[in-house]
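User: Could you take a close look at the nonpolar core here, and at the residues around it? I'd like one connected walk-through rather than a list.

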Amino acid sequence: MSSFYAMLDRMKYINRWGLMRNTRPESLSEHAQRTAWLAHALAVLRNRRFGGNADPNRAAVLALFHDSCEALTGDMPTPVKYYSDDVRSAYTTVEEHAANRLLAMLPADLREDYAPFFQQREEDNALWELVKAADTLCAYLKCLEELNAGNREFAVAAKQTRAKLDAMNLPELNMFLDEFLAAFGQTLDSLSSD
């Protein structure tokens with residue numbers, strides 16, 4: 001019996017933002033799905049508007065798996081994960097063990113197909129850059145969602161996350177922010193009237 005897919009399915013039980021009061025919980029599965037379509041969008045923008053050659057489908061799949069080790073480790077809050085170099089190093093080791101454990105849950109003949117989702121390869125570096133941008137954008141959208149619901153708990157996180165996005169200086173990310181971000185705060189009636 002292989003438990004790989006069943007373990008991934010448990011991502012729906014892992015809640016993010018554990019140190020913050022949330023008006024609406026966000027599961028790891030929800031985050032992975034949102035990050036995947038954002039990474040796909042950034043790759044499409046890179047290609048269509050900036051002459052890139054990123055594979056949007058590959059970016060989406062990398063994003064879909066980017067936090068899957070947390071099915072075993074849980075979600076480590078950012079302030080804890082980056083508290084010090086020692087903590088970050090220790091958590092990296094924990095993530096590596098979790099990745100190896102997940103891969104070991106697969107039948108041997110499938111491991112090679114899934115390894116790139118857990119062990120970053122040089123040929124995917126440009127796509128991982130988009131996944132990181134999508135992951136950060138996903139966090140920013142969560143902050144805005146909470147602020148729009150009146151939850152001031154996310155005010156500082158929103159400012160810090162926006163600063164991270166701006167510091168990335170990716171043209172496709174900046175274009176997404178300029179062209180698509182405002183719609184995320186709209187009501188269903190406003191979105192439907194376009």
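Analyst: Here's a walk through the core, then its cysteines and a few residues of interest. A quick note first: this is a predicted model, where local features need pLDDT of at least 70, side-chain atom pairs count only at pLDDT 80 or more, and totals for chains, interfaces and linings use all residues. Residues are numbered from 1 along each chain as its sequence is written, and side-chain values use heavy atoms, with hydrogens and water left out.

Let's start with the core itself. The largest nonpolar core has 53 residues. By nonpolar core I mean a set of buried Ala, Val, Leu, Ile, Met, Phe, Trp, Tyr and Cys residues joined through side-chain atoms within 4.5 Å; buried is under 20% relative accessible area, exposed is over 50%, and partly exposed is in between (1.4 Å probe, protein chains only). Phe4, Leu102, Tyr114, Phe118, Leu137 and Leu173 have the most contacts inside this core. At least two core residues come from each of α1 (4-9), α2 (28-50), α3 (56-65), α6 (85-104), α7 (108-118), α8 (125-148), α9 and α10 (171-180). The biggest giver is α8, with 12 residues. Helices are DSSP runs (H or I, at least four residues), numbered from the N terminus.

Now zoom in on Leu137. Leaving aside neighbours within four places in sequence, Leu137 is in contact (heavy atoms within 4.5 Å) with Leu38, Leu165, Leu173, Phe176 and Leu177.

Leu177 also turns up at Arg162, a residue of helix α9 (residues 155-168). With the same neighbours set aside, Arg162 touches Tyr140, Leu177 and Leu181. Arg162 is partly exposed, at a relative accessible area of 26%. Its C-alpha atom is 9.7 Å from that of Leu141, 21 residues away along the chain.

Next, the cysteines. Cys138 is buried, with a relative accessible area of 0%, and Cys143 is buried at 0% as well. What about a disulfide, meaning a pair of cysteine sulfur atoms within 2.5 Å? The structure holds 0 of them. For Cys138, the closest cysteine sulfur is in Cys143, 10 Å away, so that's too far for a bond.

Cys138 has another story to tell, through Thr35 in helix α2. Beyond its neighbours within four places in sequence, Thr35 is in contact with Ala63, His66, Val131, Ala134, Asp135 and Cys138. Thr35 is buried too, at 0% relative accessibility.

Methods: Disulfide = S-S within 2.5 Å.
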